[in-house]
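Grab your favourite viewer and a coffee. Below are a few exercises on reading a fold from its coordinates, each with a worked solution.

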Amino acid sequence: MTRHRSLLAMIAIAALAILLTPLPGSAATAGTAAATAGCGRTPTLQNGTNTIQSSGKTRSYIVRIPAGYDNRRPYRLVFGFHWRGGTATDVATGQTVQRDVWSYYGLQRLAGESTIFVAPQGIGNGWANSGGEDVTFVDDMIRRIEGDLCVETTQRFALGFSYGGAMSFALACARPTVFRAVAIYAGGRLSGCSGGTQPIAYFHAHGLRDGVLNISGGRSMRDQFVRNNGCAAQNPPEPGQGSLTHRTTTYSGCAAGYPVTWAAFDEGHIAAPQDGATGDSGSRTWLPGETWRFFTQFQSSGNLLTNATMEDGTTGWTASGGTLSSATTVAHAGSRSLLNSGRTAAWQGPNQNVTAQLTNNKSYTTSVWVRSQSGTPGAKTTLALTANGTTSYLQLTPAQTINTGGWTQLTGTTTVSWTGTLTNASFYVETAAGTDGIYIDDASFQ
Ligand SMILES: [Ca+2]
């Protein structure tokens, strides 16, 4: 399947939303998201380093705006804080571990183009947070970024290693309703904890042999949020000394939406631990994957497909063969459907890239209305998954005969899973045989 990175995922819809600015154009595609004032605006922020006045000081931060940024769609917002002596550039480039592969602690490559990343620069390359000035700096950046870019306000995250973990902890304490979750790597209580009594989804990874910020301090930070989140207290299993492995524990009993996950690993004060070897590895570290799974569990469930009603022309859809067009002659609902004519193989059909929206080992329900342009072929829905360079095809709905005289609904529920790094996922409709043209309308994958 052809890959279409330019088509961005819609981060779907959350309740509790305050729509600060009406979304322009086809509001139907964005729904009633908790979108920000920046939705609909042409960005003025630099894709790169920006400055802002905060607490009377000039502060700087790097923003990475997704390729193909669409100001109608609310994006996830992730802050990555550097360690002591590190820089915003180190976080943004990943250069201290592996350039690009480890950008934003390795999360950028997992996010596809679904997320706005921010790497703030600390004063003196640290996060002393004197008088709360670094928390205020975060408040000021959020105000500036969300006034300019389209952000899903229920999807703000913070993470960092060491001093950056301490800063993320300070935000967990002071801004538990601003951020959806935090991930702390080998952090300590170096940036303070103003407040610290409210629940927030909390991930913490720490090395058993950490000689800079001892793991006992990490356990204490974790336990503060085990209590706040109402989880059952426990001493999670930790790997053996010399095992060069990690053990991850998700606490039980936590209040809904406020999980705590603890990952202990047999290493020292490092940011990109791997199993089976010492030291950092950008490509083999397990930590970005576990963090990304923790963060993305909070994405609102909803239809993953863009322009699911086909009322917005061919937006969001591509053809793997033949020609795609917006049809006004037939529609299951509304005034348009999508037609893929001129197919030259049965597997060709209208498809949409859903790589950035998928969660591993999750159950998805499919529904799509289909009709033939000629003939009575069997039609089905398929998900092509490419992980670790291998493509597999998952049938989402049983094949059903379609015809030219009316619409047939294809439905099914399937668990989607893969091994390794997912690099492409395409949702598409195909036929069991033949090359008859196919119309689709009212598609849902959630
Ligand atoms: Ca329609």
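The exercises below go from domains to sheets to helix packing, and the model they use is a predicted one.

**Exercise 1. Find how the protein is divided into domains, and how far apart the C-alpha centres of the domains lie.**

Step 1: Start with the bounds. Domain 1 covers 27-296, and domain 2 covers 318-445.

Step 2: Take the C-alpha centre of each domain. The centres of domain 1 and domain 2 lie 36 Å apart.

Step 3: Check the record. UniProt, in an unreviewed entry, places the feature "domain: CBM-cenC" at residues 302-431.

Step 4: Look at what that stretch is made of. Residues 302-431 are 0% helix and 49% strand, with the end C-alpha atoms 26 Å apart.

**Exercise 2. Work out the strand order of the open sheet of 9 strands, and say which strands stand at the edges.**

Step 1: Walk across the sheet. The order reads β1-β2-β4-β3-β5-β6-β7-β9-β8, and the pairing is mixed.

Step 2: Pick out the ends. β1 and β8 (246-250) each have a single partner strand, so one side of each has no neighbour in the sheet.

Step 3: Add the twist. From one strand to the next, the average is 20°.

**Exercise 3. Trace the pairings from β1 through β2 and β4 to β3, giving the sense of each.**

Step 1: Begin with β1 (residues 48-54) and β2 (residues 57-64). They run antiparallel and are joined by 7 bridges. As a register check, Q53 stands opposite T58 in β2.

Step 2: Inspect the connection. β1 and β2 make a hairpin with 2 residues between them, and S55 in the turn has a positive phi of about 50°.

Step 3: Move on to β4 (residues 115-120). β2 pairs with β4 in the antiparallel sense over 4 bridges, and R64 has F117 as its bridge partner in β4.

Step 4: Finish with β3 (residues 75-81). β3 and β4 pair in the parallel sense, over 4 bridges. Here the partner of V78 in β4 is F117.

Step 5: Put F117 together. This residue in β4 is the bridge partner of R64 and also of V78.

**Exercise 4. Describe how α4 and α5 pack, on each other and on the sheet.**

Step 1: Get the geometry. The axes of α4 (residues 133-148) and α5 (residues 163-174) come within 10 Å and cross at roughly 75°. Crossings of 65 to 115 degrees count as roughly perpendicular, so α4 is roughly perpendicular to α5.

Step 2: List who meets whom. D134, V135 and V138 in α4 meet M167, A170, L171 and A174 in α5. Sorted by type, the contact has 6 nonpolar residues, no polar ones and 1 charged.

Step 3: Set α4 against the sheet. α4 touches β1, β2, β3, β4 and β5 (151-161), and its direction makes about 120° with that of β1.

Step 4: Do likewise for α5. α5 touches β3, β5, β6 (181-185) and β7 (201-207), and its direction makes about 140° with that of β5.

**Exercise 5. Give the order and pairing of the open sheet of 5 strands.**

Step 1: Read off the order: β11-β12-β20-β14-β18, with antiparallel pairing.

Step 2: Find the edges. β11 (323-327) and β18 (408-416) each have a single partner strand, so one side of each is left without a neighbour in the sheet.

Step 3: Note the twist, which averages 30° from one strand to the next.

Step 4: Zoom in on one pair. β11 and β12 (residues 337-341) pair in the antiparallel sense over 5 bridges, and S326 has L338 in β12 as its bridge partner.

Definitions and conventions: Residues numbered from 1 in each chain as written. Predicted model: local features only at pLDDT ≥ 70, side-chain atom pairs only at ≥ 80, totals over all residues. Pairing = 2+ DSSP bridges. Axes fitted to C-alpha atoms, helices over the stretch in contact; angles between N-to-C directions. Parallel < 35°, antiparallel > 145°, perpendicular 65-115°, else oblique. Contact = placed C-beta atoms within 7 Å. Nonpolar A, V, L, I, M, F, W, Y, C, P; charged D, E, K, R; others polar. Domains from an automatic or database assignment. UniProt positions renumbered as here; feature names shortened; annotations may be inferred.
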